[in-house]
Amino acid sequence: MLYCINEYSQKTIVWQNPKPSSTDYCRPIKVQFKKETSELASQEVSYIEGQISLLENTMVKVGEKEIAVSHNMVLTMIDGKICNALTKTSTQTCYICKATPKLMNNLEAVVAKEVDPSTFRFGLSSLHAWIRFFECLLHLAYRLEVKEWQIRGAEKKEIVAKRKLRIQKDLRRELGLIVDQPKPGGSGNTNDGNTARRFFGHEDEVSRITRIDKELIHRFGVVLKTISSGFEVNAVAFNQYARQTAQMFVNLYPWYYMPPSVHKILIHGSAIISAALLPIGQMSEEAQEARNKHLKQFRQHHSRKVSRQATNSDMFYRLLATSDPLISSKRNQFRVQSKKKHLPSDVINLLSPEPGLRAETSEAFSDSDASE
């Protein structure tokens, strides 16, 4: 987004990215062939922040006036693992308030904990949030018969394994969802964003199959659709709704500790939204994740295989060409219009008033998202 500030400190938007979270404007910086570690992540962030600190204002001359454009860059295209690496916290710990798993369900204690405002700049990782909320409900459903967070003993492990297998079969037979299955080639598992969206788009069937409270599934879906909508979120309304959802989770399933990713959004989500420069849904990591798919395609179909250097060079040049701002601005804008989904009324109630929003059923939102 590009905006100007007048003498009265009023902001006027001059240009706004028509396709936020799109690979059309996702420029590569450099390519490294190294193992991803916490140390490497910290080094790269320090390097990029050092480069940002050296940026000078861009001077633009319009007629007889000279305009200075300053740059404010935010590190939001990251996931929870990188956030934990940068803050030197465990993946089981909230990197914002340092709450541990055993403290997650004590809402009064976690709300009273001191937070680190500098971590708000990492955003909410809205794409991975769909997967984390989805997996939270799945793992909760597997344990419903034993009602324990950690499964110990051969008998209880067998009960959980049988229930997991039954839920997987039922979800595949009734909804066509393949969950918690490893993908061939060691490239993760089948729990992706589209699977999660379809999961939350069928509340009745999911509640019947998993025996998870339907209202909790619905409220999780509303929270996720709100932070992914790309519209301005009413932080006060969102905070109230999220806290009520957290309280419902604790009341229904006090034996299952709330995962850090769910805790982050339900407890700290409103503070992060308030601190964001743009609508939180426009500061997601979707473009970066989509680039992973492009990298595989470019390597297979658009690169020389004579050497590793030639292959990586061709991939990098292809990334540069497909993300060129001038070329991207000339492309057909049809996909931009298709992104303007009709939102459920519960989601609209959590957004700041804006013309053009229309309430429809949650299926309209989830189905259009899952088909992308």
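**Exercise 1.** Is aspartate 204 buried, partly exposed or exposed?

*Solution.* The structure is a predicted model, and the values below are computed from it.
Step 1. The relative accessible area of aspartate 204 is 48%.
Step 2. Buried means under 20% and exposed means over 50%, with partly exposed in between.
Step 3. Aspartate 204 is therefore partly exposed.

**Exercise 2.** Find the salt-bridge partner of aspartate 204 and say where each residue lies.

*Solution.*
Step 1. The side chain of aspartate 204 meets that of lysine 214 in a salt bridge, at 2.4 Å from N to O.
Step 2. Aspartate 204 lies in helix H7 (residues 203–210) and lysine 214 in helix H8, ten residues apart.
Step 3. Lysine 214 has 39% relative accessibility, so this residue counts as partly exposed.

**Exercise 3.** Describe helix H8 by its span, its cover and its two ends.

*Solution.*
Step 1. H8 runs over residues 214–228, which makes 15 residues.
Step 2. From first to last C-alpha the helix reaches 21 Å, close to the 21 Å expected at 1.5 Å a residue.
Step 3. H8 is mostly covered, as 13 of its 15 residues are buried.
Step 4. At the N-terminal end, aspartate 213 acts as a cap: one of its side-chain oxygens lies 3.1 Å from the backbone nitrogen of glutamate 215.
Step 5. After the helix comes glycine 230, with a positive phi near 90 degrees.

**Exercise 4.** Explain how glutamate 135 and arginine 132 are placed within one helix, and compare their exposure classes.

*Solution.*
Step 1. Both residues belong to helix H4 (residues 126–142) and stand three residues apart, about one turn of the helix.
Step 2. An α-helix has 3.6 residues a turn, so residues three or four places apart point the same way.
Step 3. Glutamate 135 and arginine 132 form a salt bridge, with their closest N and O atoms 3.2 Å apart.
Step 4. Glutamate 135 counts as buried because its relative accessibility is 16%, whereas arginine 132, at 33%, counts as partly exposed.

**Exercise 5.** Classify glutamate 174 and arginine 173 by exposure, then state how their side chains meet.

*Solution.*
Step 1. Glutamate 174 has a relative accessible area of 34%, so this residue is partly exposed.
Step 2. Arginine 173 has 58% and is therefore exposed.
Step 3. Their side chains meet in a salt bridge of 3.6 Å, N to O.

**Exercise 6.** State how many helices, strands and salt bridges there are.

*Solution.*
Step 1. The protein chain has 16 helices and six strands.
Step 2. The structure holds 13 salt bridges.

Notes:
Residues are numbered from 1 along each chain as its sequence is written. This is a predicted model: local features need pLDDT of at least 70, side-chain atom pairs count only at pLDDT 80 or more; totals for chains, interfaces and linings use all residues. Side-chain values use heavy atoms; hydrogens and water are left out. Helices (H or I, at least four residues) and strands (E, at least two) are DSSP runs, numbered from the N terminus. The expected span of a helix is 1.5 Å times one less than its number of residues. Buried means under 20% relative accessible area, exposed over 50%, partly exposed in between (1.4 Å probe, protein chains only). A polar contact is a pair of N or O atoms within 3.5 Å; within protein, one must be able to donate a hydrogen and the other to accept it, and residues adjacent in sequence count only if both atoms are side-chain atoms. A salt bridge is a side-chain nitrogen of Lys or Arg within 4 Å of a carboxyl oxygen of Asp or Glu.
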